Amino acid sequence: MIRLVVMGVSGSGKSSVGLAVATELRLPFVEGDTLHPQSNVEKMASGIPLTDDDRWPWLDQIAARLASAEEGVVVSCSALKKSYRDRLRQASGGWLGFIFLDGTREVLRDHMSKRTGHFMPLSMLDSQLATLEPPTGEALVLRQDIEHPVEQIAAASIEWARAQIWQS
């Protein structure tokens, strides 16, 4: 069973890549931002960075979705810190892979400036980058450069996930 978290800072393409991967794998896609309590959305929309205490209940909601996905699932979640990823790993109840969407500040700013209808303002990018603990050296993580097209990232991610499942 494939359970994937598509992770990265705001503007990295988590939703686009996650939906493309889920569609190809015929798995449900969960937009992690929809699981934030309204108070978190209001803070972020106002340019106020979330604290760990703000994030724990949200991460627990994501973990519950991962654990209950008997047929597999793809979830978008920033998962910025190792402690957040470890919490998701522990709660997921099985194999959990992470697709880390990584890119330069310039590419991220460009992505964020082009999207519409998202609550996260461009001003929050620097705080997200400051919080990010890249998952270097962690198990079951694939780093993808966001300069590549979504379709290419999704195809490579699917190939990687399937290979990892066969090895476990």
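## Questions about a predicted model

Visitor: In this predicted model, which residue in strand 5 does Phe100 stand opposite?
Guide: Strand 4 and strand 5 run beside each other in the parallel sense and are paired over five bridges. Across this pairing, the residue of strand 5 that stands opposite Phe100 is Arg143.

Visitor: Which side chains of strand 5 are buried?
Guide: In a regular strand the side chains alternate between the two faces of the sheet. Strand 5 shows such an alternation, with Val141, Arg143 and Asp145 pointing to one face, where they are not buried. The side chains that point to the other face, and that are buried, are those of Leu142 and Gln144.

Visitor: Which strands stand at the edges of the sheet?
Guide: Five strands form an open sheet with parallel pairing, and their order is 2-3-1-4-5. A strand at the edge has a single partner strand, so one side of that strand is left without a neighbour in the sheet. The two strands in this position are strand 2 (29-31) and strand 5.

Visitor: What angle does the direction of helix 3 make with that of strand 3?
Guide: Strand 3 runs parallel to strand 2, and three bridges join the two, with Val30 standing opposite Val75 of strand 3. Helix 3 (residues 52-68) packs on the sheet and touches strand 1, strand 2 and strand 3. The angle between the direction of this helix and that of strand 3 is about 170°.

Visitor: What span should the 18 residues of helix 7 have?
Guide: Helix 7 covers residues 150-167, and a rise of 1.5 Å a residue is used to work out its expected span. The C-alpha atoms at its two ends are 26 Å apart, which agrees with the expected value of 26 Å.

Visitor: Which strands do the buried residues of helix 7 pack against?
Guide: The buried residues of this helix include Ile153, Ser157, Trp160 and Gln164. They pack against helix 1 (14-25) and also against three strands, namely strand 1 (3-7), strand 4 (97-102) and strand 5 (141-145).

Visitor: Is Tyr84 buried or exposed?
Guide: Tyr84 has its place in helix 4 (residues 82-92), and beyond its neighbours within four places in sequence it is in contact with Asp52, Arg55, Trp56, Leu59 and Ala79. The side chains of Tyr84 and Asp52 are also joined by a polar contact of 2.3 Å. Since a residue counts as buried when its relative accessible area is under 20%, and the relative accessibility of Tyr84 is 1%, Tyr84 is buried.

Note on methods. Residues numbered from 1 in each chain as written. Predicted model: local features only at pLDDT ≥ 70, side-chain atom pairs only at ≥ 80, totals over all residues. Heavy atoms only, no water. Helix = DSSP H or I, 4+ residues; strand = E, 2+ residues; numbered from the N terminus. Buried < 20%, exposed > 50% of the residue type's maximum accessible area, 1.4 Å probe, protein only. Contact = heavy atoms within 4.5 Å. Polar contact = N/O pair within 3.5 Å; in protein donor to acceptor, adjacent residues only side chain to side chain. Expected span 1.5 Å × (residues − 1). Pairing = 2+ DSSP bridges. Axes fitted to C-alpha atoms, helices over the stretch in contact; angles between N-to-C directions.
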